[in-house]
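Reader: I am new to this structure and would be grateful for a close look at a single part of it. Please describe that part first, and then place it in its wider setting.

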Amino acid sequence: MKAVILVGGLGTRLRPLTCNTPKPMIPLVNQPFMEYMLLSLRDQGIDEVILAVQYLADHFRSTLGDGSQLGIKLHIAEEPEPRGTAGAVKNVEHLLDGTTFVFNGDVLTDLDLQAMLAFHRERGSKVTISLTPVDDPTQYGLVEIDETRRIKRFLEKPRAEDITSNLINAGTYVIEPEIFRYVPPDQFYMFERGLFPVLMQTGDPVYGYPSRAYWNDIGRPQNYLDVHHDILIGKVQYTFRGKEIASRVWLEDTADIHQSAQIVGPVVLGAGVRIGRGASIIGPTVIGAHCTIGTDVTIEGSVLWDNNEIEERCVLRSCVLGRGNHIGAHTLVSDGTIISDGCSLGAENRLERGIKLWPGTTLKDQAISF
Ligand code: GDD
Ligand code: MG
């Protein structure tokens, strides 16, 4: 069975983490999200995937290749210009040969795909859209269904006064390729604002598939830390790499951990991590490969990608660090702060309240100080 994954968006909401890394390739628990998604699709019976890409295409090619290392057949299809969600699938229509899954490439879910497919076939549906309940649908695609689950209305990013349901488009579709006859070729065209509303008019059978499976859009900054929290506490079915070396502490390969360091799980440590004397690592926290954590540093509820160096007595709390940053001694980084890649911070800085540092930022000692 084939699938198309839409990964052409710019990931602007997640900047600066997506300045150097396309949104679907940002790591979740030390593994590029797309790599995880492909493995999980493979395990659910999908053997061929077309990635509809646009931005940083070479990054996808060099990391994922032809998919053979992941045991899946992978095509990377680059759009000449942004085609929108439906236009992107229209662009690869010649590669489709029957019922196909389409995925938004920024959703973490443990939805049962075979059950959804069985529902689609049972109803003789042309498009089946997975649905999930949310508190505030205004940021999503609102979907109204009748008692047979047939979709009556699809309204993308509804205004508060137009909300009639708490069910939204969860970003997984089962489609019959014939519906692409309604999609104009070589143009920007969206499922959400174009094809779905059109299908409401044509009368083609379009069904919703509500589920209580875990669901989260990783493309929103606060969600990125929340998703890690949910994975580490086991709220979503998710397999991450590493061996459990102590209660809820997982390590990939080997590490150099000082015996006086305190690690309170759930914590995942990447390969070659070094943790100094008196350091405290408090979960849910993920530390990427080859990070060096200095003496008496405290890290709590945070996610660090690879190759960061944290000098002595720093405190990192509820923050995200990209790759290859150097954080000077006695620095505080907290409250949703995001430091992207290759930043160098002098000693005794204080970064709080969601400050975002773009790649390569340099701060002198006490530049933002106590
Ligand atoms: N190839 C390609 N080309 N992919 C695209 C394009 C494009 O022009 N535009 C967006 N995408 C991809 C994005 O990379 C993402 O994986 C997916 O399509 C959805 O785009 P987002 O920009 O993340 O949309 P959203 O989160 O605001 O809303 C969408 O997802 C919600 C669920 O998370 C909609 O589908 C909503 O209806 C839905 O509720
Ligand atoms: Mg999204």
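**A hairpin and its surroundings**

Author: Strand 9, residues 141–145, is mostly covered, since four of its five residues are buried. The description that follows rests on a predicted model. The partner of strand 9 is strand 10, residues 151–156, and the two pair in the antiparallel sense over five bridges. Within this pairing, Val-143 stands opposite Phe-154 of strand 10. The two strands form a hairpin with five residues between them. One of the residues in the turn, Arg-149, has a positive phi of about 75 degrees.

The domain assignment of the protein chain gives two ranges, domain 1 (2–219) and domain 2 (243–363). The hairpin strands, 141–145 and 151–156, fall within the range of domain 1. Helix 5, residues 191–202, also falls within that range. In helix 5 the buried residues are Phe-191, Glu-192, Gly-194, Leu-195, Phe-196 and Leu-199. A general point helps in reading this list: an α-helix has 3.6 residues a turn, so residues three or four places apart point the same way. Spacings of this kind occur among the buried residues, including Phe-191 with Leu-195, and Glu-192 with Phe-196. After helix 5 comes Gly-203, whose phi is positive, near 85 degrees.

The relation between the two domains may be considered next. Their C-alpha centres lie 34 Å apart. At the interface, 10 residues of domain 1 are in contact with 21 residues of domain 2. The area buried between the domains is about 1,100 Å², and carbon and sulfur atoms give 65% of this area. On the side of domain 1, Pro-16, Leu-17 and Asn-30 supply 51% of the area that this domain buries against domain 2, more than any other three residues. The count of salt bridges between the domains is zero. Three residue pairs are found in polar contact across the interface, with both residues of each pair at pLDDT 80 or more.

A sheet can be described as well. It is an open sheet of six strands in the order 17-20-23-26-29-32, with parallel pairing. Strand 17 (262–264) and strand 32 (350–351) stand at the edges, each with a single partner strand, so one side of each has no neighbour in the sheet. Further in, strand 23 (residues 298–300) runs parallel to strand 26 (residues 315–317), and three bridges join them. One of the residues concerned is Glu-300, whose bridge partner in strand 26 is Arg-317. Whereas this sheet has parallel pairing, the hairpin strands 9 and 10 pair in the antiparallel sense.

Conventions. Residues numbered from 1 in each chain as written. Chains lettered and ligands numbered in written order. Predicted model: local features only at pLDDT ≥ 70, side-chain atom pairs only at ≥ 80, totals over all residues. Heavy atoms only, no water. Pairing = 2+ DSSP bridges. Buried < 20%, exposed > 50% of the residue type's maximum accessible area, 1.4 Å probe, protein only. Domains from an automatic or database assignment. Contact = heavy atoms within 4.5 Å. Buried area = accessible area lost by both parts, 1.4 Å probe. Salt bridge = Lys/Arg side-chain N within 4 Å of Asp/Glu carboxyl O. Polar contact = N/O pair within 3.5 Å; in protein donor to acceptor, adjacent residues only side chain to side chain.
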